[in-house]
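Q: I would like a close look at a single part of this predicted model. Please treat the side-chain contacts there in one connected account.

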Amino acid sequence: MESGYKFQPSDELILRLLKEKRLNPHFSQHHPIKDIDHICSLEPWDLPTESKTESEDQVFYFFYEPRYKYRNSNRVDRRTEAGQWKITSEDSHIEAGNGLTGTKKFLTFYCRGPDSKVPVKTDWLMHEYHVKDDPHYEAVLKCTSLLPIT
């Protein structure tokens, strides 16, 4: 990526990129959004090293396809070795024009407590985008990491 270029796509642009990615799987080879096998194969603190772009504001983008908890299920498996991503609010509806619509999910990462079975909420946030023309294809992820206040 060119020096001085800041990749800050709007929600509408992300939906258009998601649709283009679904129609052309090799699309992201020439784009600043990286394909990763599964977002939950990585811990949130490892995501910055996997990104194609550097970000001062700790925002990273990835394409991925979901993994499901069970073979015939629509429940997405969002567990990692250290914890899990939990949906923390209602979906947000997005209209990108030309009839293209989608949703944005808001997730927070919870670590497993070392001495407790109660998960500990972290400052890691994720925005997960879904295009409505194909509800089974979940491909763009905007992962925002917020550093703890010290």
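With which residue does Asp91 form a salt bridge, and how far apart are the closest N and O atoms? Please continue from that pair to the strand that holds the partner and to the other contacts of that strand.

A: In this predicted model, Asp91 forms a salt bridge with Lys105, and the closest N and O atoms are 3.0 Å apart. Asp91 lies in the loop between strand E3 (83-87) and strand E4 (92-97), whereas Lys105 belongs to strand E5, so the salt bridge ties together parts that are 14 residues apart in sequence. The two partners differ in their surroundings: Asp91 has a relative accessible area of 39% and is partly exposed, while Lys105, at 16%, is buried, because the limit for a buried residue is under 20%.

Strand E5 also pairs with strand E4, in the antiparallel sense and over five bridges. Within this pairing, Glu95 has Thr101 in E5 as its bridge partner. The two strands form a hairpin with two residues between them. In its turn, Asn98 has a positive phi of about 55°.

A further salt bridge involves Lys104, whose partner is Asp11, with 3.3 Å between the closest N and O atoms. This pair links distant parts of the chain, since Lys104 is in strand E5 (residues 100-111) and Asp11 is in helix H1 (residues 11-23), 93 residues apart. Lys104 counts as buried, at 9% relative accessibility. The structure holds four salt bridges, among them the pairs Asp91 with Lys105 and Lys104 with Asp11.

Aromatic contacts also involve E5. The structure holds two aromatic pairs. One of them joins Trp45 and Phe109 in an edge-to-face arrangement, at 6.0 Å centre to centre and with 85° between the planes. Here too, distant parts of the chain are linked: Trp45 is in the loop between strand E1 (34-35) and helix H2 (47-50), and Phe109 is in strand E5, 64 residues apart. Phe109 is buried, with a relative accessible area of 0%, whereas Trp45 is partly exposed at 42%. Together with Trp85, these two residues form one aromatic cluster.

A contact between a charge and a ring may be added: Lys86 lies over the face of Tyr110, at 4.7 Å from the ring centre.

In summary, strand E5 contributes Lys105 to the salt bridge with Asp91, Lys104 to the salt bridge with Asp11, and Phe109 to the aromatic pair with Trp45.

Key: Residues numbered from 1 in each chain as written. Predicted model: local features only at pLDDT ≥ 70, side-chain atom pairs only at ≥ 80, totals over all residues. Heavy atoms only, no water. Salt bridge = Lys/Arg side-chain N within 4 Å of Asp/Glu carboxyl O. Helix = DSSP H or I, 4+ residues; strand = E, 2+ residues; numbered from the N terminus. Buried < 20%, exposed > 50% of the residue type's maximum accessible area, 1.4 Å probe, protein only. Pairing = 2+ DSSP bridges. Phe/Tyr/Trp six-rings, centres within 6.5 Å; stacked < 30°, edge-to-face > 60°. Lys NZ or Arg CZ within 6 Å of the ring centre and 35° of its normal.
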